[in-house]
Amino acid sequence: MAELTVLTMTEKVRIDSRRLAEIVDELGETAAHDVLTLALEQLARGLQDLRAAAAQGDAAALAMRAEMLARLAWQLGMTSLAGVAVDVAVCAERRDDIGLAATLGRLMRIGNRSLTEIWDEDQGPG
């Protein structure tokens with residue numbers, strides 16, 4: 001019997017903490033928390049919508065949703081997520097199914113890690 005090795009995919013995410021600090025400075029702590037919570041919910045919904053568009057094979061919707069996700073992620077300083085979302089949109093527009101499958105998988109991994117990290121940072125200690 002062959003021996004199997006399980007490879008884990010670990011994605012490093014980049015979050016621009018200066019951008020988050022700017023949001024807090026501009027809005028104040030309470031309003032920034034509310035805005036970040038709403039934005040994180042929109043990002044999570046956007047990831048679900050991307051997955052649904054991919055399952056339906058709707059490349060146009062996938063590209064549009066990926067571009068929207070990239071803009072929102074960029075505004076929040078989620079640079080890794082924004083960059084990979086742009087890559088997903090490009091693959092969808094080019095109808096590059098292999099590239100799309102790879103970048104979409106990467107987007108989901110980075111999206112989940114980014115949401116977790118920014119949520120944990122927003123909640124902070126205490």
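Student: Which residues touch the most other members of the largest nonpolar core?

Tutor: In this predicted model, the largest nonpolar core holds 36 residues. The elements that give two or more residues to this core are α1, α2, α3, α4 and α5. Nonpolar side chains in soluble globular proteins tend to be buried together. Within the core, the residues that touch the most other members are L43, L50, L76, M78 and L107.

Student: Leaving aside neighbours within four places in sequence, which residues is L50 in contact with?

Tutor: L50 is among the core residues that touch the most other members. With neighbours within four places in sequence left aside, its contacts are L62, R65, A66, L69, L104, L107 and M108.

Student: Is S80 buried or exposed?

Tutor: S80 sits in helix α4, which spans residues 79-94. Beyond its neighbours within four places in sequence, S80 has contacts with K12, V13, R14 and I110. Buried means under 20% relative accessible area. The relative accessibility of S80 is 5%, so S80 is buried.

Student: Which residues are joined into one network by salt bridges that share partners?

Tutor: R19 and E22 form a salt bridge at 3.0 Å, N to O, and these two lie three residues apart in helix α1, so about one helical turn separates them. R19 also forms a salt bridge with E26, with the closest N and O atoms 3.9 Å apart. D49 in helix α2 and R65 in helix α3 are 16 residues apart and meet in a salt bridge at 3.6 Å, N to O. The network made through shared partners consists of R19, E22 and E26.

Key: Residues numbered from 1 in each chain as written. Predicted model: local features only at pLDDT ≥ 70, side-chain atom pairs only at ≥ 80, totals over all residues. Heavy atoms only, no water. Helix = DSSP H or I, 4+ residues; strand = E, 2+ residues; numbered from the N terminus. Buried < 20%, exposed > 50% of the residue type's maximum accessible area, 1.4 Å probe, protein only. Contact = heavy atoms within 4.5 Å. Core = buried A, V, L, I, M, F, W, Y, C linked by side-chain atoms within 4.5 Å. Salt bridge = Lys/Arg side-chain N within 4 Å of Asp/Glu carboxyl O.
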